[in-house]
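Here's a quick walk through a structure that may be new to you. Have the 3D view open and follow along as we go.

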Amino acid sequence: MTLNRTIPPDFRSVENVSLIRPEHIKLGNGCDIFFFNSGDQELVRIEWIFQNLRFDHEKPLLNVAVNTMLTEGTSARSASQIADQVDFYGGFLQVDYGYDHSQAVLFTLNKHLEKTLPVMKDIITDSIFPGRELETFIRNQQQKLQVSLKKNDVVARRTFNKAIYGNTLYGLGAEFDDYKTLHRDDMLAHFRQMYQPSNCTIVIAGKVDDKTIALIKDSFGEGWVNSSGKPDTAQPDLQPSREHFYFVEKPDALQSAIRMGLPMITRIHPDFPALQVLNTVLGGYFGSRLMTNIREDKGYTYGIGSGLSSLKQGGAMFIASEVGADVCRDAVAEIEKEIGILKAELIPDDELDLVRNYMMGSLLGSLENVFSHADKFKNIYFSGLDYDYYDRYTEVVKTVTAEKLLQLANKYFDLDKFYRVIVGKY
Amino acid sequence: MLSVFIIYMVKFNRFILNNGLRVIVHEDHTTPMAVLNILYDVGARDEDPERTGFAHLFEHLMFGGSVNIPQYDEPLQRVGGENNAFTTNDITNYYITLPAENIETAFWLESDRMLSLAFSEKSLEVQRNVVIEEFKQRYLNQPYGDVWLKLRPMVYKKHPYQWATIGKNIQQIENASIGDVKAFFKKHYNPSNAILVVGGNITVEKAKALAEKWFGPIPGGEKYRRDLPKEPAQQEARRETVSANVPLNDLYIAFHMPGRLEDGYYELDLISDILSRGNSSRLYRKLVKEKQLFSEIHAYNMGSFDSGMFVIEGKPLENVSVEEAEAAVWDELEQLKQYRVPDDELTKVKNKTESTMIFSEMSLLDKAMNLAQFELFGDAEMLNHETEKYLAVTAEGIKKEAQDIFRKENSSTLVYLAESH
């Protein structure tokens with residue numbers, strides 16, 4: 001029998017995914033622990049997650065600087081002792097600052113947990129931000145900032161965020177002089193208020209046995225007490241700008257960075273899963289309309305995409321690309337044309353079926369290991385949702401109609417309300 | 001400390017089809033997914049010096065439709081799959097991840113483009129533009145983005161590692177013709193020059209049946225014999241200084257080192273860890289923190305298959321001269337040449353290697369890519385002996401390699417000077 005290579009093999013659509021749910025322990029000091037046990041490898045990832053404190057525009061960098069400098073010294077250990085201890089036992093210590101939360105993360109083999117955990121306890125409960133380390137931090141950050149500001153995509157992102165979020169944590173793009181507002185005593189006060197048990201969620205994934213839990217409780221249980229000041233995590237309202245167009249000219253640019261979009265509903269809104277389908281059609285995967293038109297047909301860019309961000313106080317829909325400087329206006333026109341089509345025409349069944357299958361496969365593929373299950377949990381937990389969200393999500397992906405998507409495109413993609421940022425030539 | 005190391009172990013089966021295609025199967029039933037990874041034994045090093053950037057441009061064209069399937073991406077996305085590819089100076093690697101029950105779609109797509117491409121003029125024209133935009137985005141429109149276009153030709157005078165995978169310049173990409181595309185396909189894209197790895201929730205029997213069904217009928221083609229010029233030993237220190245529109249000065253020092261399979265490779269890989277892995281590393285601690293000379297500094301080994309390259313890169317602080325910064329780097333290299341690395345420090349980088357290997361077991365795709373690469377080196381089983389090779393490195397061995405490599409006559413120094421702004 002000859003093989004007929006023109007006929008695709010049969011396939012099945014992914015119908016549902018099964019998510020691992022965590023076990024939960026509430027400690028007496030108010031700290032929540034969630035853990036996911038999978039004994040496949042002798043390793044574990046532990047995250048300590050804290051809500052950021054209220055934004056202070058006089059001292060805009062406190063949240064990020066306190067987080068980044070957690071590794072730079074405690075009463076008992078210098079920065080180099082912290083690094084030595086974790087590195088010697090093959091661990092990886094990261095601090096990650098996000099718009100809503102700041103975290104410290106430890107990756108370690110279980111056999112070394114007893115040696116690496118005391119370092120984490122030290123930095124989370126007793127960081128002191130030594131003066132000399134602070135000077136080094138400020139100087140090096142200022143140098144790195146100069147390099148970042150030479151990148152058009154970075155400038156476009158900063159300008160866009162400032163425009164749609166205003167003078168808030170989300171809209172902040174650090175300026176050179178902002179670093180001069182950092183002072184050690186402010187950082188210590190910020191640290192003491194923010195890094196306390198009642199403001200902490202610990203998420204553990206990997207091989208989590210009784211011994212692991214006992215070690216965590218030893219370090220972060222009764223001995224870790226809340227200070228008197230309650231963390232103030234309320235944030236000022238977002239302040240979208242009235243100006244909707246920004247052009248930052250770079251006369252020598254070979255490419256222009258484009259970023260456009262608008263404030264948007266977040267994950268907690270019932271329309272959000274369907275909006276994710278719509279976003280995928282527009283620019284959320286390699287075969288998306290933006291990629292197909294602007295890269296694969298016109299060759300204007302190496303890549304273009306659209307995305308939805310969902311944060312605690314608000315979300316955004318955005319489109320981003322770097323395109324040849326000479327075709328920048330054409331690219332913007334094509335982007336707007338594609339949005340216009342989504343608002344005027346029903347998405348053909350064939351395309352919508354493909355996107356459904358792609359999104360379900362992508363969801364299944366995003367659950368590669370136990371860390372991914374923990375990440376899925378964090379998405380819903382910090383949005384105040386429960387696992388029903390994923391049931392709704394899969395149901396919507398499988399059943400949302402082209403009519404509904406057309407309606408949503410008209411409801412949410414108002415080109416008159418779009419913010420447009422161009423960095424380069426226009 | 002107690003040195004009981006956990007050994008990384010990836011089990012696999014291996015067979016060869018009649019047309020010469022090497023196939024490796026790694027069963028992993030902890031995931032509902034499967035991966036199909038194809039490594040082609042061709043990279044930028046195999047290019048004509050007048051047609052550089054071609055292997056990478058060709059990789060783009062592999063997505064422009066094949067002889068029986070007009071669209072590559074669409075049918076894959078339809079079954080819930082994702083794919084990508086990358087080209088290096090040594091290899092070109094394509095991979096698909098998808099729900100395991102749809103694995104046959106991956107066999108169908110990959111085998112058809114190994115059989116033959118559509119060779120569409122439109123696809124060539126568009127992908128030329130896309131690659132030119134990639135050239136601009138990554139190499140020309142970024143501060144320091146052109147470093148590899150400058151540093152490679154300083155380090156390599158004979159070997160084709162003297163150009164970057166993107167190519168020497170945009171003109172050569174513009175010149176690519178459909179005739180070039182066809183000739184390149186015939187020469188490099190056939191079963192005898194490829195390694196197929198199938199991993200995930202699939203049995204060896206099923207993978208074998210599907211490999212026979214879809215790849216078995218493809219003609220074997222001619223095995224490409226690589227005969228590249230050897231890079232002669234460097235005899236003199238090389239140096240270049242460029243003034244550029246960059247915000248800060250930047251210092252690069254590159255050294256020739258052994259290739260991936262040569263003696264000394266593992267010693268030098270650990271040296272790069274000693275110098276620059278993590279906040280306890282020597283360059284960070286001494287030059288960023290203690291002496292306050294650099295805002296950032298890194299050391300790395302390019303992992304090249306043939307003649308290797310070891311690079312140290314750092315941005316001196318604004319009040320520090322390039323000469324002072326450079327002298328401080330050489331002081332650190334002298335330390336490695338004169339004194340044995342203390343036991344604790346050596347244990348530290350070995351522990352890091354061990355945990356890195358264990359953590360990499362968490363990724364099915366990483367395992368598949370690693371198996372393919374070691375099979376190309378001669379035996380996929382070598383992957384399971386990697387940790388041992390790092391553990392066998394001694395302080396004496398490190399000192400000896402440091403003495404061999406960190407010599408002025410073996411160095412190429414590239415300095416970016418920030419134009420006043």
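## Two domains in chain A

In this predicted model, 20 residues of domain 1 of chain A are in contact with 26 residues of domain 2 of chain A. On the domain 1 side, β2 (32–37), α5 (152–165) and β6 (200–206) of chain A each chip in at least two residues. The largest share there comes from α5(A), with 9 residues. Sort that side of domain 1 by class and you get 11 nonpolar, 5 polar and 4 charged residues.

Where do the two domains begin and end? The domain assignment puts domain 1 of chain A at 23–220 and domain 2 of chain A at 245–424. Their C-alpha centres lie 30 Å apart.

## Where chain A meets chain B

Now for the two chains: 59 residues of chain A are in contact with 61 residues of chain B. On the chain A side, the elements giving two or more residues are α2 (79–88), β5 (101–109), α4 (131–148), α9 (289–297), β9 (301–310), β10 (315–324) and α11 (349–365). Look for α11(A) in particular, since its 8 residues are the largest share of the side of chain A that touches chain B. By class, that side of chain A has 24 nonpolar, 20 polar and 15 charged residues.

## A sheet in chain B

Next, find the open sheet of 6 strands in chain B, with mixed pairing and the order β1-β2-β6-β3-β5-β4. Its edge strands are β1 (13–16) and β4 (82–87) of chain B, each of which pairs on one side only. Ignoring direction, neighbouring strands of this sheet are turned by 15° against each other on average.

Zoom in on β3 (residues 33–40) and β6 (residues 194–200) of chain B: these two run antiparallel and are joined by 7 bridges. If you want one pair to look for, B:Ile38 has B:Leu196 in β6(B) as its bridge partner. Then there's α11(A), which packs on the sheet and touches β3, β4 and β5 (92–99) of chain B. The direction of α11(A) makes about 100° with that of β5(B). Chain B has a helix of its own on the sheet too: α1 (residues 54–61) touches β4 and β5 of chain B, and its direction makes about 165° with that of β4(B).

## A pair of crossing helices

Staying in chain B, helix α9 (residues 265–276) and helix α15 (residues 395–405) pack with their axes 9 Å apart, at an angle of about 90°. That makes α9(B) roughly perpendicular to α15(B). From α9(B), the contact uses B:Glu267, B:Leu268, B:Leu270 and B:Ile271, while α15(B) brings B:Gly397, B:Ile398, B:Glu401, B:Ala402 and B:Ile405. In class terms, this contact has 6 nonpolar, 1 polar and 2 charged residues.

## Two residues with positive phi

Most residues other than glycine have a negative phi. Here are two that go the other way. A:Phe129 has a phi near 50°, and it is found in the loop between α3 (113–126) and α4 of chain A. In chain B, the phi of B:Gln292 is near 55°; this residue is found in the loop between α10 (282–290) and β9 (294–301) of chain B.

Is A:Phe129 buried or exposed? A:Phe129 has 23 other C-beta atoms within 10 Å, so it is buried, the cut-off being 20 or more. B:Gln292, with 16 C-beta neighbours inside 10 Å, counts as partly exposed.

Definitions and conventions
Residues are numbered from 1 along each chain as its sequence is written. Chains are lettered from A and ligands numbered from 1 in the order in which they are written. This is a predicted model: local features need pLDDT of at least 70, side-chain atom pairs count only at pLDDT 80 or more; totals for chains, interfaces and linings use all residues. Two residues are in contact if their C-beta atoms, placed from the backbone, lie within 7 Å. Helices (H or I, at least four residues) and strands (E, at least two) are DSSP runs, numbered from the N terminus. Ala, Val, Leu, Ile, Met, Phe, Trp, Tyr, Cys and Pro count as nonpolar, Asp, Glu, Lys and Arg as charged, and the others, Gly among them, as polar. Two strands pair if DSSP finds at least two bridges between them. Axes are lines fitted to C-alpha atoms, for helices over the stretch in contact, and angles run from 0 to 180 degrees between N-to-C directions. Angles under 35 degrees count as roughly parallel, over 145 as roughly antiparallel, 65 to 115 as roughly perpendicular and the rest as oblique. A residue is buried if 20 or more other C-beta atoms lie within 10 Å of its own, exposed if 12 or fewer, and partly exposed in between; C-beta atoms are placed from the backbone. Domain bounds come from an automatic or database domain assignment.
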